[in-house]
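Please open the structure in a viewer and keep the selection tool at hand. The tour below proceeds from the whole chain to individual residues.

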Amino acid sequence: MRINVALVGNPNVGKTSLLNHIAGTTLRVGNWAGTTVEKKEGKAFYKGYEIYLVDLPGIYSLEPFSEAEQVARDYLLSQKPDVVVNVLETPNMERDLLLTAELLEMELPTVIALNMVDEARRLGIEVDKEKLSELLGIKVVQTNGRTGEGKRELLEAIVQNYEQKIKPFSLRYSQTLEEYLSKVEGNTKFEKIKKAQELYGEDFDKLLKDERFAFAHGLFYKVVKKVNQGAFELTDSLDKLLLHPIFGLFFFLFLMFLMFKIAFDFSAPWMEWLDGFMNNFISPLIVYILGESLLSRFLSEAVVGGVGFVLTFLPLIASILFILSLLEFSGYLPRVAFLMDGLMHRLGLHGTSFIPLLLGFGCNVPAIMASRVMETKRDKLLVLAMVPFMSCPARLVVFSFFAVLFFPNPALVIFLLYLFGVLVAFLTSFFLQKLVYRGSLHHMILELPPYRLPALKLVLRITWAHVKHFIYRAGTLIFAVSVILWAMLNLPPGVSNPKDSFAGYVGRALVPIFKPMGLEDWQITTSLIPAFLAREIVLSSMAVIYSVEEGKKEEFEPRKALQEQGVAFVNALKESVLNLLSPMPKALEVKEEHSQLKSAIKNSMNPAQALAFMVFILLYTSCLGTVAVLQKEGGTKFALLFLAYSLAVAWVSGVIAYRLMSLLVG
């Protein structure tokens, strides 16, 4: 039998950590239907029940002002979960009880999880959970999302709540508010409140807010006792350094550079090994087993040459995601928003705007959706116009390939590309504010959680969940595009020269447009077409295109090739460890041995052309998904204008980069 459970709570209260401990390897990451709000779900088995858990977006209220709040409220009203687990951050319990009041108004079966009990104990905060349970009529358990403490007790409470059909006591507000509610119809207090809000308007809303605050404040002091008032010293001490306007900014830049250094130094040997494994072992093995045929060509060129090639970048993507997760769960990321508040104010925005921009380094699509935290349309449109210039890991895949191939210090080149994207985003916001969006600045208060030591197990599982999502994407969208491109390269039937294929016609038609950027190779320009769907497709497309043209056949001995891959694996392990131990950035060096694609690209382009290509990839609207979300959030006119703007900026910047680089290298 299945029990549907919804995890509800404020942002950063540890819902995902709890889900991770309960669901384990069943944790999945995706999007809510019809939205790009991230959805996490998983399941566990306890006492014969399949307990299916959904982590609703972190919210402060059930009022649908943002998409996250809309998603959470719609789910609770339409899906009616069997049990709602209201996760509270115990050290900030009074704040979280405001949302608890709204949940209790819905009269759904509810369990309260007092999370982060370790921090509460350290801060000298004691909660009388028995009294809290007695006052609300529901089960209350204490949990620790970092260690998993209280996981079994929570599962037991969920099952008991489900079996005994436990519902919370009906909230009783002041006589004045109850008189309002007595005059409207409704099956629950939540329904009555909604009707009263429509009927009585602003006066009722103000009274309701006061009542909810009084409930949270009174309940907090009824069940909470503070025995130590001086335990915030560590967080305060760290904040004096990390939030310092000069030292804090220096630390942030150093941390970002360190992140790229560690990610590259660790992942580069593994990327090299995977590249060789795919192209020097798997691909020829397929031909060896199936013989020369259309099927073997399809598998080795379209599947291994396309999807397999992109998968070689998994070590790099996993490294970046791992480090970003560490920063997120440590409590440092909100400090970045606070730190950048002054800079964002100069651009007509506040520090909260920096969070969507920072998320853009992970993926532009959820970053654009995160712009819904902006209170005004003006702030939101400015952020929407900046996010696509933040370089996501998909673009990093392309940068790492070309930077390693053409430049002696690829880490520095990629770092400068990232900075250039940020610069263009800031300039875009500056000019938009001066010419189009001239409204006044809206202010918000930033919440700074205490610093926490992230649980390694939790960070690894979150990283793996995102990596699985990338693999799924590689197996669907990228696979489909690779197959289409492979077909374009082999059609019309009987074509022997790629220049005479459908892809060749399209690529040659684009050459005059990109000629000022130095890109006169139809194979390069053709790869920009699928790049609009997703950046990582660029390399898989090139792999398909160039493998068709090369068509090299080498003698293949499975046993010998397998032994070589085993030796290469050990060498990759050794090199990645040594790179991490190096005190200075270990620049990735161009190896003597290149894959067929690397050799083909190396022979087709020079450093100036490669730089122009990377600048163009960096600046024009990142992918089809980004354009679709921009249209949804900013409207069709905004999305089309921005698409045209980004193409123009990318083309002009690419031409300038090519000219300047040509002058430098002669």
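**A guided selection tour**

Lys-165 lies in the loop between helix H6 (151–164) and helix H7 (175–182). The model is a predicted one, and this lysine serves as the starting point. Select Lys-165 and inspect its backbone: phi is near 50°, a positive value in a residue other than glycine. Because its relative accessibility is 59%, Lys-165 counts as exposed.

Select Lys-47 next, in the loop between strand S3 (38–46) and strand S4 (49–55). Lys-47 is not a glycine, yet it has a positive phi of about 50°. Its relative accessibility of 54% is over the 50% cut-off, so Lys-47 counts as exposed.

**The whole chain**

Now display the entire chain, coloured by secondary structure. The chain comprises 29 helices and nine strands. Of its 666 residues, 55% count as buried. Switch to a surface representation: the accessible surface comes to about 30100 Å², and 62% of it belongs to carbon and sulfur atoms. Contacts may be considered as well: among those between residues at least 6 apart in sequence, 76% join residues at least 24 apart.

**A nonpolar patch**

With the surface still shown, select Phe-250, Phe-254, Leu-258, Ile-262, Phe-266 and Leu-580. Together these residues form a nonpolar patch on the surface, with about 540 Å² of accessible area. Which helix gives the most to the nonpolar patch? It is helix H11 (residues 247–290), with five residues. One residue of this helix to centre on is Leu-258. Leu-258 has a relative accessible area of 31%, and is therefore partly exposed.

**Helix H27**

Move to helix H27, residues 607–619. Is this helix mostly covered or mostly uncovered? H27 is mostly covered, twelve of its 13 residues being buried. Among the buried residues are Phe-613, Met-614, Phe-616 and Leu-619. Then use the distance tool on the end C-alpha atoms of H27: they are 18 Å apart, which agrees with the 18 Å that its 13 residues should span at 1.5 Å a residue. At the start of the helix, add Asn-606, a side-chain oxygen of which reaches to within 3.1 Å of the backbone nitrogen of Ala-608.

**Salt bridges**

The closing stops concern charged side chains. Side chains of opposite charge can pair when their charged atoms come close. The structure holds 14 salt bridges, and three of the stops follow.

Select Glu-126 and Lys-225, which form a salt bridge with their closest N and O atoms 3.8 Å apart. This pair links distant parts of the chain: Glu-126 is in strand S7 (residues 125–127) and Lys-225 in strand S9 (residues 224–226), 99 residues apart. Glu-126 counts as partly exposed, because its relative accessibility is 41%.

Next select Arg-335 and Asp-239, whose side chains meet in a salt bridge (3.0 Å, N to O). Here too, distant parts of the chain are linked: Arg-335 lies in helix H14 (residues 333–339) and Asp-239 in helix H10 (residues 233–242), 96 residues apart. Arg-335 counts as buried at 1% relative accessibility, and Asp-239 counts as buried at 14%.

Finally, select Glu-89, Arg-95 and Asp-96, which are joined into one network by salt bridges that share partners. Within it, the side chains of Asp-96 and Arg-95 meet at 2.7 Å, N to O. Is Asp-96 buried or exposed? With a relative accessible area of 2%, Asp-96 is buried, whereas Arg-95 is partly exposed at 24%.

Key:
Residues are numbered from 1 along each chain as its sequence is written. This is a predicted model: local features need pLDDT of at least 70, side-chain atom pairs count only at pLDDT 80 or more; totals for chains, interfaces and linings use all residues. Side-chain values use heavy atoms; hydrogens and water are left out. Helices (H or I, at least four residues) and strands (E, at least two) are DSSP runs, numbered from the N terminus. The expected span of a helix is 1.5 Å times one less than its number of residues. Buried means under 20% relative accessible area, exposed over 50%, partly exposed in between (1.4 Å probe, protein chains only). A polar contact is a pair of N or O atoms within 3.5 Å; within protein, one must be able to donate a hydrogen and the other to accept it, and residues adjacent in sequence count only if both atoms are side-chain atoms. Patches are made of residues with over 30% relative accessible area and no salt bridge: like charges are joined within 9 Å, nonpolar side chains (Val, Leu, Ile, Met, Phe, Trp, Tyr) within 5 Å. Accessible areas come from the Shrake-Rupley method with a 1.4 Å probe; for residues, only the protein chains shown count as cover. A salt bridge is a side-chain nitrogen of Lys or Arg within 4 Å of a carboxyl oxygen of Asp or Glu. Contact means heavy atoms within 4.5 Å.
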